Amino acid sequence: MSITSRQEQILALLNANRFLTVERLAKLTYASPSSIRRDLAKLQSMCFLKRTHGGASILDESNQAAPFNNRMLQNAVAKKKIAKKAEGLLCDGQTVMLDGSSTAAFLVPHIAKHKDIKLFTNNMITAINAINYGIETHCIGGNSVNHSAVLSGTQSYRAVLEIFPDILFFSSHSLDAGGVISDPTEEENYLRKLMLQNARQKVFLCDSEKFNRRALYTLASLDEVDMAIFDAPFQGLKTKCKLL
């Protein structure tokens with residue numbers, strides 16, 4: 001289900017202001033309050049926002065990950081830049097694993113440029129997108145995380161332990177100045193730990209909005225991965241990891 005340009009504008013305004021009333025959104029978008037209410041109802045049904053009395057707000061990300069559809073819209077330019085940089089690590093015949101992150105999902109068009117790549121992911125939307133690009137795709141099964149397209153749980157853990165990809169591209173919610181990678185979602189965090197165990201090459205993807213942040217569950221240190229790819233320099237970052 002696609003969204004309109006006005007609905008994209010509403011999401012941008014809410015990301016900037018956290019909460020806005022229906023009347024304020026109507027003035028800012030030059031639309032009627034009734035049109036705004038219909039837009040908010042649709043966006044809530046797609047898990048982009050939460051409607052409250054008289055208005056709407058973006059979901060609080062401090063203690064939980066935002067819905068995948070919302071994350072795909074956030075910092076899209078930065079994530080595309082990261083994916084373009086990461087393309088240089090791809091080659092024909094690789095076995096590639098993408099975690100459930102929106103950042104890793106932006107790699108799919110670049111993967112499609114190469115021959116005989118076998119792709120594994122625990123994100124159903126990423127998997128469908130890859131299939132549409134003609135990539136040999138394997139979706140790692142499991143339980144839906146927070147009613148999203150991202151899968152995790154016991155079934156996912158067992159499956160990942162039997163896969164040894166040539167390269168893993170993964171992201172997370174936060175990266176602090178000491179190089180600690182962390183995430184607020186326990187199930188996804190644990191599955192990423194298992195992915196890291198078996199991958200021959202481990203590549204962390206991180207946009208600058210995640211810099212100098214810390215979430216509840218620690219995933220790994222940058223020193224434990226082979227490469228980190230950012231959209232902008234991280235001033236003061238302490239790590240031995242190769243940065244791109």
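This passage describes the strands, two buried polar residues and the nonpolar cores of a predicted model.

The mean pLDDT of the protein is 88, and 92% of the residues score at least 70. One stretch stands apart from this picture. Over residues 61–66, pLDDT stays under 50. For these residues the model has nine contacts beyond four places in sequence. Where pLDDT is low, predicted coordinates should not be read in detail.

Strand E4 (95–98) follows a loop that begins after helix H5 (76–86). E4 runs parallel to strand E5 (residues 118–121), and four bridges join the two. Within this pairing, methionine 97 of E4 has phenylalanine 120 as its bridge partner in E5. E4 also runs parallel to strand E9 (residues 167–170), here through three bridges. Valine 96 stands opposite isoleucine 167 of E9. In a regular strand, side chains alternate between the two faces of the sheet. In E4, Thr95 and Met97 point one way, while Val96 and Leu98 point the other way. All four are buried.

Glutamine 94 is found in the loop between H5 and E4. Its relative accessibility is 8%, so glutamine 94 counts as buried. The side chain of glutamine 94 makes polar contacts with the backbone. It reaches the backbone oxygen of leucine 89 at 3.3 Å. A polar atom of the glutamine 94 side chain also lies 2.9 Å from the backbone nitrogen of cysteine 91. Beyond four places in sequence, the contacts of glutamine 94 include Asp116, Ile117, Lys118, Asp166 and Ile167. Isoleucine 117 is 23 residues away in sequence, yet the two C-alpha atoms are 5.0 Å apart.

Aspartate 99 lies in the loop between E4 and helix H6 (102–105). With a relative accessible area of 1%, aspartate 99 is buried. Its side chain joins that of serine 101 in a polar contact of 2.6 Å. A polar atom of the aspartate 99 side chain lies 3.0 Å from the backbone nitrogen of serine 171. Among the other residues in contact with aspartate 99 are Thr121, Asn122, Leu168, Phe170 and Arg192.

A further sheet is open and has three strands, in the order E10-E11-E13, with antiparallel pairing. Strand E10 (174–175) and strand E13 (217–221) form its edges, each pairing on one side only. Strand E11 (residues 180–183) and E13 pair in the antiparallel sense over four bridges. Aspartate 183 has tyrosine 217 of E13 as its bridge partner. Helix H10 (residues 186–198) packs on this sheet and touches E11 and E13. The direction of H10 makes about 20° with that of E13.

In soluble globular proteins, nonpolar side chains tend to be buried together. The largest nonpolar core here has 27 residues. Phe170, Leu175, Phe204, Leu222 and Phe230 touch the most other members. Elements that give two or more residues to this core are helix H9 (154–160), E9, H10, strand E12 (201–206), E13 and strand E14 (227–230). H10 supplies the largest share, four residues. Phenylalanine 170 is in contact with residues including Ile181, Leu196, Val203, Phe204 and Leu219. It also touches Asp99. Apart from this core lies another, of 22 residues. Val96, Leu98, Ala130 and Leu205 are among its members.

Note on methods: Residues numbered from 1 in each chain as written. Predicted model: local features only at pLDDT ≥ 70, side-chain atom pairs only at ≥ 80, totals over all residues. Heavy atoms only, no water. Pairing = 2+ DSSP bridges. Contact = heavy atoms within 4.5 Å. Axes fitted to C-alpha atoms, helices over the stretch in contact; angles between N-to-C directions. Buried < 20%, exposed > 50% of the residue type's maximum accessible area, 1.4 Å probe, protein only. Polar contact = N/O pair within 3.5 Å; in protein donor to acceptor, adjacent residues only side chain to side chain. Core = buried A, V, L, I, M, F, W, Y, C linked by side-chain atoms within 4.5 Å. pLDDT = per-residue confidence, 0-100.
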